[in-house]
Amino acid sequence: MRQAPSSRQYPRLSTEPTAIAQAVRCLALGALLAAPAAFAQSSDEGGSSKDGTLPAITVTDQSDSGLRPAYAGGQVARGGGLGVLGTQDALDTPFSTLNYTAEGMRNLQARTVGDVIASESSVRNTNGDGGFGDSYQIRGLPVSVNDTGFNGLYGLVSLGRMSTAMLERVEVLKGPGTLMYGMGPAGGVGGAINLVSKRATAEPVSSITATYVGSAQFGVQTDIGRRFGEDKQWGIRVNALYADGKTSVRDNNQQQTMGSVALDYTGRRLRWTLDAYTQHEDTRNFRPQFSIGTTSMPSAPDGDSNLYPGNTLQLDDKVVATRLEYDLSDQLTAYGAIGYHEGSSAQSFPSATITSLRGDTTVSNGYYDQKVNSTSADVGLRARFDTAGIKHTLTLGANTLDQQTDYFYFVNASGVASNLYNPVALSPVSAARGEPTPQSQTRLTGVALTDTLSLLDGRLLLTGGLRRQQVYSHSLTGGSSSNKTGYSPVLGVVVKPLENLSLYANYTAGLSAGDFAGAQYANAGQAFAPYKTKQYETGVKLDWGRLTTTAAVFQIERANSSTAVVGSQTFATQDGRARVRGLELSAYGEAQRGLRLMASGTLFDTRQSHTVGGANDGKEIGAVPSHNFNLGADWDTPWLTGLALNTRIINTGSTWYSDANTLKVPGWTRVDLGARYVSRLGEKTVTYRANLENLFDKNYWVMQNGYAGTGAGRMLVVSAQLDF
């Protein structure tokens, strides 16, 4: 039941510059204006050497902390973590993976994880820049930001979006990852995303970066890392971010703060880490979404349009997590981790359906405030041994996630007439804002046993495993509960006829917690049993030395929400089925010295079956594009040492608005252009970066689960990074 209305007030974000904001803006502007001085520093002592090359710049990675080293070009790594399967080289992995590095994120000037993952064609951020939060689609299936791991644990990421300032890697697994990571709290099965935090490296890290984003948002970031002790066994890495000002929406103002600290100890047998971070965001006028009630799709409005004037958003997150590993012997390692997260969001909740090609709408205003408390843990044993010439990596692991969700929800009964191309201000909410009250509790507990066998001197790798997953879901309002058990197997094979050629295949199954029937159905509040998603995949990976090419075909089958009519009543069900087939092609690395490439393409073929009355049988799945293509290039110019130019082209094919296949949403192409220059300012290294996102100011729709949002318009992102 809802509590009595609270007297707590949510203040609108002020656009008046505070003292700290003034200081940050002055610092940012001063650093950016220092560029001409840095160009003038090109001398034998402070700039280019006599042979025309820049002084050596140390690029740090965390290979000494268990991460795979960067691949040629530095944009991605040679491999990454796979949860209970441990860290593996890309060619030894029977799955499609991509592991973005901190260097690649910096050069892209990615502010959030959603900016990073859009660089690969099988993955899309389905919410435009400046929206209420990131949301993802992997291999055509939705993956909530809540299904993102943090150092291998679910439940520890923001409810809205994650800053990249504290991240060393973004690891992407394409396809169901239940066996490897456990079941995600939101049930996403298209793939898995794991965020790896920065840690102190062998070389000291000291940098400060001034930033400018959009039309008037200034900011500053700091990154400090050191190792201590006789053998440098202790490490500390501290990252901080502050930004304030107008970004990508007209009359918008966004204030962001982030602080993180990462401690670690690396001994001969013992390894320990502790991570803590806090994030806060306060936004006035974020990018919204719409329902579409027309027979044809209206033209997308300008990318900087303020479509719901007066909306507000506040996000707060506090996280602490620790992990311990101990080598009981040279062959046996024990590990354990635990983390806790308090997250909240308080936002205006305007909603509207576009009812004509002229863009007519009726906008209702409301509140949707949410709190989530999560406790996540992971323990296990990993053994390495040989039997009759066969090498084994055997892992027994268990994990658990306990998550409670509270929310306060209210929407006005009536709205105000508005228009997509001439929006009016939101009407006041007709009810007082109340405290979020407990709504649901989810407890996910799993036990997994896996074994990876290496035969023929590593030419043949076999992976097998099984996870027993228990899913407990309880509605704290209706009292309905579900306590079910499911099993998620994985079988994978890698054949390497040549050292640089990998042929692979896998079968894996993901598990999702069943939904609760919505309030509009006759069985409102009913908890459905968990459902399984199956994937079949085969592919080839070829490492040419400095360029890797891959090709894969896959099929994913999963349950699809549906309805059933009994007499005069409509019931929610999970009886529908959805199938996604796809072909993926990609290439990444250095095509030649100084030319870094990331190119990929994905073709989708989708079908529905077992729909209510067969109405949608044979139709395509809504919101899944016909194809996606990506091309990214980063080039060191030969005419000026230290200058690099880059571009990123993102193409998303047309999609059906819904499973009914009655309304087509057109595809779109976005072109980004950028440059960076590395020079010296005295004895210090300075890197200047400038990126123009959506160069041609393309107006386009982005699709997310039956809702349409707008993509951001042309936006300038500039930074100056000083390493000292």
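How much accessible surface does the protein chain have, and what share of it belongs to carbon and sulfur atoms? The total comes to about 29300 Å². Carbon and sulfur atoms hold 56% of that area.

## Overall build

This is a predicted model. The protein chain has 724 residues, and 55% of them count as buried. Its secondary structure comprises five helices and 39 strands.

Contacts with a separation of 6 or more can be split by distance along the sequence. In the protein chain, 67% of them join residues 24 or more positions apart.

## Asparagine 311

Asparagine 311 sits in a loop. Strand E15 (289-292) lies on one side of that loop and strand E16 (312-327) on the other. Is asparagine 311 buried or exposed? Its relative accessible area is 0%, so asparagine 311 counts as buried.

Which backbone oxygen does the side chain of asparagine 311 reach? The partner is the backbone oxygen of tyrosine 308, at 3.1 Å. Beyond its neighbours within four places in sequence, asparagine 311 is in contact with Thr283, Arg284, Asn285 and Phe286. Ser348, Pro350 and Leu426 are also in contact with asparagine 311.

## Two positive phi angles

Alanine 623 has a phi near 75 degrees. That is a positive value in a residue other than glycine. The residue belongs to the loop between strand E30 (595-609) and strand E31 (627-636). Alanine 623 has a relative accessible area of 8%, so it is buried.

Asparagine 661 is not a glycine either, and its phi is positive, at about 60 degrees. Its loop runs between strand E33 (655-656) and strand E34 (664-665). Does asparagine 661 count as buried or exposed? Its relative accessibility is 16%; because buried means under 20%, asparagine 661 counts as buried.

## A nonpolar surface patch

Which residues form the nonpolar patch on the surface? They are Val553, Leu583, Leu585, Leu603 and Phe629. Together these residues have about 400 Å² of accessible area.

Leucine 603, one of the patch residues, lies in strand E30. Strand E30 also borders the loop that holds alanine 623. Leucine 603 has 42% relative accessibility, so it counts as partly exposed. Patch members need over 30% relative accessible area, so leucine 603 at 42% clears that cut-off.

Key. Residues numbered from 1 in each chain as written. Predicted model: local features only at pLDDT ≥ 70, side-chain atom pairs only at ≥ 80, totals over all residues. Heavy atoms only, no water. Helix = DSSP H or I, 4+ residues; strand = E, 2+ residues; numbered from the N terminus. Buried < 20%, exposed > 50% of the residue type's maximum accessible area, 1.4 Å probe, protein only. Contact = heavy atoms within 4.5 Å. Areas by Shrake-Rupley, 256 points an atom, 1.4 Å probe, with all protein chains shown as cover. Polar contact = N/O pair within 3.5 Å; in protein donor to acceptor, adjacent residues only side chain to side chain. Patch = residues over 30% accessible without salt bridge, like charges linked within 9 Å, V, L, I, M, F, W, Y side chains within 5 Å. Salt bridge = Lys/Arg side-chain N within 4 Å of Asp/Glu carboxyl O.
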